Amino acid sequence: MSYNVATAALGHTDRGEAAEHWRHQSLRPPPAGNLIFEKEGVYLHTNAKRSNQETSIPGFIRVVERAGVPALEWSPLEDEGHSAPAVLYSRKDGEGGEEDMNFDPGYEPDWAIVSSVKKDREHWAFSLPLSELYSLRRNRFSLGRNFLVLTSKGGHPLPPLHFHRGGTRELLRALHHYIVLDQSPVDGRLFLSYPRGTHDVSQPFDKLQFLDDGGSDIVSRFIHDPYATTFGGFSKVTNFFRAALRPPDTPVSRTPRDPNLPSHPDDEPGFELITCGVELGPRPDVTRGKPLDKWAECLDSEGRVKNPEKIKELVFRGGVIPSLRKDVWKFLLGFYPWNSTTKEREDILRAKTDEYFRMKVQWKSVSEEQEMRNSLLRGYRSLIERDVNRTDRQNTFFSGNDNPGLTLLHDVLMTYCMYNFDLGYVQGMSDLLSPILFVTQNEVESFWCLTGFMELVHQNFEESQEAMKKQLDQLSILLKALDPELFDFLDSQDSGSLCFCFRWLLIWFKREFSFEDILTLWEVLWTRLPCDNFHLLIACAILKSQRGELIGSNHDFNTILKHINELTMKLDLQGILQEAEAIYLQLVQCKDLPLKVQHVLGLYIPNSSEENSPDSQSSETQRLLSQSEAGAASPYVSTHP
C-alpha cells in the first residue's frame, strides 16, 4: 500500500490522488535525493486492536527531500528477499471479508478487525508529501510505546506507526524544519500541520509537547492478576502494562511559553520541564542516626509517650532496634494512641481482642454449603490460601509445611475481609502483613497493625487504581524537577511513564530490599516524616543512583525494565534513605520551587482563591527553610522536652 511519491514530483494537485489512494507497490530504499531523517524499528500496525507479529510490520520511517519536495515515507524491511505480508481489512459488521480501503485503523481499537492475511501480496509502504499532511495524532498504545497516526488533508488516516525503539522526538524535530505543528484547542493529543510561512513560524519546538501525558491518566485499568504480573518478573510486568493500561483521553491544558524567553534548540518536544529554569541549588549532606534503643525513658509515670514527635524523629533518623519494634510499631500504626496511658492501653487491647474474634467467628462459622453460595468469600479464601503458601517462605517464621505462622497469616487476612468487605483481599496484601506478623508474633496485634498500615495504602489496591495513577504522576513531577536529563532519557526510550516503578509504590518496596531492611524502611515511612510522600523521594533516589548506568548504556524499553528488576536485593538502604532526605532538603530550600512540586511534598495546599496566584507561598516551606538554616535542630520536629 503506498501513497505514490511520484504524484508530488509530477505536480499532481488532486489531493484525492496524491494523498488518499492506497497503491499496492513496494518502496525500495530511497533513490537519489536528500535523506533528512531515517529511523529503523518503526512498525506499521495493520490491526488497531491487536499487536503481534502477524499484524505489525517492521520498517523504516524517513523524511526525504526530492526535487525540493519534502515527504514522509515508510517502507518495510525486507525479510530475506521476501515481502512482508499484506493485510485485508473488513468492518466488524462487514460480510465476506470484503476489502475496505477507507477504514480508520488508527485510534479506535474496536473499529476494525483483520479478515485475512495473504503472504503473497506485496508489502505495504507509503510516501506522503508534507504539504499534504493535515494532522498528527500522538497516542500511547500502552505505557510502553508511543505511536503516531498521520492524517492527510483528504481526511484519511494512515495505519498507526509504533516506535518500538524510540525516535519520535527526532522525527518530529526533522518535520519541524518544514512544517509547523500546532496543538488542537479541543484535543490535547491532536496537532494540526501548517506549511512554514502560513502560521506562527516562531513557535518554539519545545512548546509542542507531543508525548507528555500530563499525568491525566497514567493507569486506566487494572484487570490482570497483579501478583503474577506486578510481583512476578518484569517480563510479565511489561505484558501487563501493555495489555491492561490505556492512554489518556482527556485534553491536556498547557501554559504557553513566554515569547520573550529564548528558545532552546536542544530541548525535546513532549517535556514540560517542571523546573522552569529554576536552579535547585546544591544538595545538602545528610547523615543517618542511631536507632531508637530506649523506650521506658520515653514514657511518663502513667505510661504516656512524653514526646511523640521526638520519637518519630528518632525512628525516621535511625529506625528501631529489633527488641523494641513490637512496642513502637503499635504506636506508629495507630493501634495505640500516642497519649494513651498504660491502663488505657490494657482496656484498648481487651476491646480490640473481643472485636477481632467476633469478626473471625463470622467467617469461621460459614459452612461449606453456605460458602458454595457466596462466590465472593470463596474467591477471597482461594486467593489467600494461594498467596499464603508463597509469601516469605524463606523466612523461618513462615517456612516449612504446617507452620503455625502460615495459619496466622491466613486467619488474619480472612478476618480482614470481614473488617473491610468492600475491599476484601487483593493479591499483595499478604506481603504487607508478613513483616508485621513476624515482629508482633501475635494474631490480634498484627491484625490491628495491618488495619493501620492499610489506612495508608488501601487505595493502592482499589480496582480503579486512581491512587496508583496519582503516585506515578507525582513521581514524574519530582523526577522532572530533580533531573530533567534523566527523565528525558527515560522518555526517549518509551519509559517516561515510569511504569517499572509500579511494584515499588504498590507494596512499598517490599520486593526490592531484604526482609530486615524492609522492617527498617517501613518504620521510617510510618513516621510520615519529612512528608507523606517520602516513598516517592525514595523512588527518585533509587533512579538517581542508577543514572550513570541508565544514560551511559544502550538501554531500550525492555532492557530498562530488566535492569530495574535486577536491582532487587542489591540496593543500599541507608544510602538510599540519605539520598532521599537530601533530595527533600534540596527541594524545600529552593525559593522558586514550582507549585506542582510543592503539592507533592505537601508544602503548599491551595484554596480556591490562591490556586492560581503566582505569589502564593507555603508557610510550611518557610518553616522548613528557617529550620534548615538553623542547622543543629531537627528540621522536622520541635525540640521541646
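**Notebook: loops, helix pairs and single residues**

I began with Pro-530, which I located in the loop between helix 17 and helix 18 (534-545). The model I am reading is a predicted one. I looked up the peptide bond that joins Leu-529 and Pro-530 and found it to be cis, with omega about -10 degrees. In the loop between helix 17 and helix 18 I also placed Arg-528. Phi of Arg-528 is near 65 degrees, a positive value in a residue that is not glycine. I noted both entries because most residues other than glycine have a negative phi, and most peptide bonds are trans. Arg-528 has a relative accessible area of 25%, so I entered it as partly exposed.

I then turned to the loop between helix 16 (502-506) and helix 17, where I found Trp-508. Trp-508 is not a glycine, yet its phi is positive, at about 55 degrees. Is Trp-508 buried or exposed? I recorded Trp-508 as buried, because its relative accessible area is 3%, and the limit for buried is under 20%.

**Helix 17 and helix 21**

I next examined how helix 17 (residues 515-526) packs with helix 21 (residues 573-588): the angle is about 20 degrees and the axes are 11 Å apart. Helix 17 is therefore roughly parallel to helix 21, as angles under 35 degrees count as such. I noted the crossing of this pair, helix 17 and helix 21, as right-handed. Which residues of helix 17 and helix 21 meet? From helix 17 I listed Asp-517, Thr-520, Leu-521 and Val-524, and from helix 21 Leu-573, Gln-574 and Leu-577. I sorted the residues of the contact of helix 17 with helix 21 into four nonpolar, two polar and one charged.

**Helix 7 and helix 12**

For helix 7 (residues 322-332) and helix 12 (residues 429-440) I read an axis approach within 8 Å and a crossing at roughly 120 degrees. Helix 7 and helix 12 are therefore oblique to each other. On the helix 7 side I entered Arg-325, Lys-326 and Trp-329; they meet Pro-435, Ile-436, Val-439 and Thr-440 in helix 12. By class, I recorded four nonpolar, one polar and two charged residues in the contact of helix 7 with helix 12.

**Helix 11 and helix 13**

I looked up a further pair, helix 11 (residues 404-419) and helix 13, whose axes come within 10 Å and cross at roughly 50 degrees. Helix 11 and helix 13 are therefore oblique to each other. The crossing of helix 11 with helix 13 is right-handed. From helix 11, the contact is made by Leu-408, Asp-411, Val-412, Leu-413, Thr-415, Tyr-416 and Tyr-419; from helix 13, by Glu-443, Ser-446, Phe-447, Trp-448, Leu-450, Thr-451 and Met-454. I classed the residues of the contact of helix 11 with helix 13 as nine nonpolar, three polar and two charged.

I followed Thr-451 further and confirmed that it lies in helix 13 (residues 443-457). Thr-451 has a relative accessible area of 6%, so I entered it as buried. Leaving aside neighbours within four places in sequence, I found Thr-451 in contact with Tyr-416 and Tyr-419. Tyr-416 and Tyr-419 are among the helix 11 residues of the contact with helix 13.

**Two further residues**

I located Glu-371 in helix 9 (residues 368-372). Glu-371 counts as buried because its relative accessibility is 11%. Which residues does Glu-371 contact, leaving aside its neighbours within four places in sequence? I listed Val-366, Leu-377, Arg-378 and Arg-381. Of these, I checked Arg-381: it is 10 residues from Glu-371 in sequence and 9.9 Å away in space, C-alpha to C-alpha.

I placed Gly-548 in helix 19 (residues 547-552). At 57% relative accessibility, Gly-548 counts as exposed. I also looked up Gly-548 against Leu-486: the two are 62 residues apart in sequence and 9.3 Å apart in space, C-alpha to C-alpha.

**The whole chain**

Last, I read the totals. The secondary structure of the protein chain comes to 23 helices and 11 strands. Of its 641 residues, 54% count as buried. The protein chain exposes about 28,200 Å², and carbon and sulfur atoms supply 49% of that area. Among contacts between residues at least 6 apart in sequence, I noted that 70% join residues at least 24 apart.

Notes
Residues numbered from 1 in each chain as written. Predicted model: local features only at pLDDT ≥ 70, side-chain atom pairs only at ≥ 80, totals over all residues. Heavy atoms only, no water. Axes fitted to C-alpha atoms, helices over the stretch in contact; angles between N-to-C directions. Helix = DSSP H or I, 4+ residues; strand = E, 2+ residues; numbered from the N terminus. Parallel < 35°, antiparallel > 145°, perpendicular 65-115°, else oblique. Left-handed = near helix turned anticlockwise from the far one by under 90°. Contact = heavy atoms within 4.5 Å. Nonpolar A, V, L, I, M, F, W, Y, C, P; charged D, E, K, R; others polar. Buried < 20%, exposed > 50% of the residue type's maximum accessible area, 1.4 Å probe, protein only. Areas by Shrake-Rupley, 256 points an atom, 1.4 Å probe, with all protein chains shown as cover.
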